[in-house]
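Biologist: Could you walk me through this one? I'd like to hear the reasoning behind the labels.

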Amino acid sequence: MKIRRQVKFTATSPRDWRAVQWMTIGLGIKRWGLLALIGLLLTAIGLLFALAYVAVDFSVSVVEWIGGMTHQLVETERIGWFMVAAGMVLFVVGLRGTLKAVEIALSSGRGGFLEAALRRRKMDHGEALVALGGGTGLSTMLRGLKHYTSNITAVVTMADDGGSSGRLRKDGMLPPGDLRNCMAALADAEPEMQELFQHRFTGFGDLEGHSLGNLIMAAMCERTGDFESAVRETSKVLAIRGSVLPSTVDKIELGARLADGSEIIGQVNVHKSEGIQEVFLQPATPAALPGVLKAIADAEVIVIGPGSLYTSILPNLLVPEIGEAIKTAKATKIYVCNVMTQANETIGYKASDHIRAILRHVGKDVIDIALVNSTKIPDDVLSRYRKTGADWVEPDTAAIEMLGVRPIQGNFVDITNVVRHNPQKLAQAIFRIMAKL
């Protein structure tokens, strides 16, 4: 855990306090402004040197001893023009940095410039958090977390082979769908841009079913030459808070062994199957992205889920280096249990069954705390889910404790026509835990 020092200021008036706030370290304004000022001063002094030489034909030489044997004569005019060039470079760099800092601060929310800059600084120095998963569950949680810290690394599975992602995958690209959802969730771009990024075509021939965001990432991949760079550049377009990384850039497939002894291959096929005993990756040892391993090592908290147990969460943890990194990480490890079971793959599962499956696949030391929803689902909503083969995940806290995991119950959901985690409630619970560490 990082140790944060609390520095208290005393101010005699709101105006004094505002002046103190301008001195806050990390706003990004003062350093760039100072660099620009130094550039201007250097330029002015250089002009004095150079123009003085031109005007009065005045020349001063500086004698330097090199190896005790030679001399090097440097005329004042040359010094002057060198200072002018260096000063202009510093001024331009400083001015660009200042303008960029202003732009970033003003884009971070409402209020005056100082308030926006302070808010941005607080976010940039927030807790380091890693979230692993996929599907809509992870992106839902990220929408809440981004209001507490910008030091978020979302790690997304690359086993998806359905829908638009599956079609692009057949053409030789890694599946971008879950990455796209997480980018949209963390985006600071205008709402219209986010909606456009998530737009799914319903016509236009071969475009039907494709998400515009997936196509943009495909274009970035072709333009940059590799998938990792495409993810990075697309993140810049959306001005996301934090980063979104694939768990691996190796081409992998998800497989499962069923209760009847048969094996199936493919994420979509696994999702449709009952009686899953074990899931695995092909190849079994894909390489983790180095950035993912660094983020896990530096994290203060690691959040696993929410998301489909066998098709979103475990494919990340089954990347050997990621599983081992989480086990050895000093961070607190929180598992966010699903609110509802999923037809086929987790039918009849209680909260402890989800945790037991993770421990069975990855081993001990991957979960310290489990967030489980204790809010009962209304009967009319529950009946609709049961017709599809899904049900409420029972929070059997005693069984969870027997697995060596501390359960925390609470109301973490929104209940409308569908049952989903509430991003704000979930984020509050996670950061409440962090505040007590």
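**Reasons behind the labels**

Modeller: Let's start with Thr234: its side chain reaches the backbone oxygen of Ala230 at 2.7 Å. Keep in mind that this is a predicted model.

Biologist: What makes that reach of Thr234 to Ala230 a polar contact?

Modeller: The cut-off for a pair of N or O atoms is within 3.5 Å, and the Thr234 side chain gets to the Ala230 oxygen at 2.7 Å, so it counts as a polar contact.

Biologist: And why is Thr234 called buried?

Modeller: Buried means under 20% relative accessible area. Thr234 has 1%, so it is buried. Thr234 lies in helix α10 and touches Met183, Phe197, Met217 and Met220, leaving aside residues up to four places away in sequence.

Biologist: Why is Asp365 called exposed, but Asn344 partly exposed?

Modeller: Exposed needs over 50%, and partly exposed sits between that and 20%. Asp365 has 52%, so it is exposed. Asn344 has 24%, so it is partly exposed.

Biologist: What is the phi of Asn344, and what is that of Asp365?

Modeller: For Asn344, phi is near 75°, a positive value in a residue other than glycine. For Asp365, also not a glycine, phi is near 70° and positive.

Biologist: How do you know that α5 is roughly parallel to α7?

Modeller: Helices α5 and α7 pack at an angle of about 15°, with axes 8 Å apart. Angles under 35 degrees count as roughly parallel, which makes α5 roughly parallel to α7. Their crossing is right-handed.

Technical notes
Residues are numbered from 1 along each chain as its sequence is written. This is a predicted model: local features need pLDDT of at least 70, side-chain atom pairs count only at pLDDT 80 or more; totals for chains, interfaces and linings use all residues. Side-chain values use heavy atoms; hydrogens and water are left out. Axes are lines fitted to C-alpha atoms, for helices over the stretch in contact, and angles run from 0 to 180 degrees between N-to-C directions. Helices (H or I, at least four residues) and strands (E, at least two) are DSSP runs, numbered from the N terminus. Angles under 35 degrees count as roughly parallel, over 145 as roughly antiparallel, 65 to 115 as roughly perpendicular and the rest as oblique. A crossing is left-handed if the near helix is turned anticlockwise from the far one by less than a right angle, and right-handed if clockwise. Buried means under 20% relative accessible area, exposed over 50%, partly exposed in between (1.4 Å probe, protein chains only). A polar contact is a pair of N or O atoms within 3.5 Å; within protein, one must be able to donate a hydrogen and the other to accept it, and residues adjacent in sequence count only if both atoms are side-chain atoms. Contact means heavy atoms within 4.5 Å.
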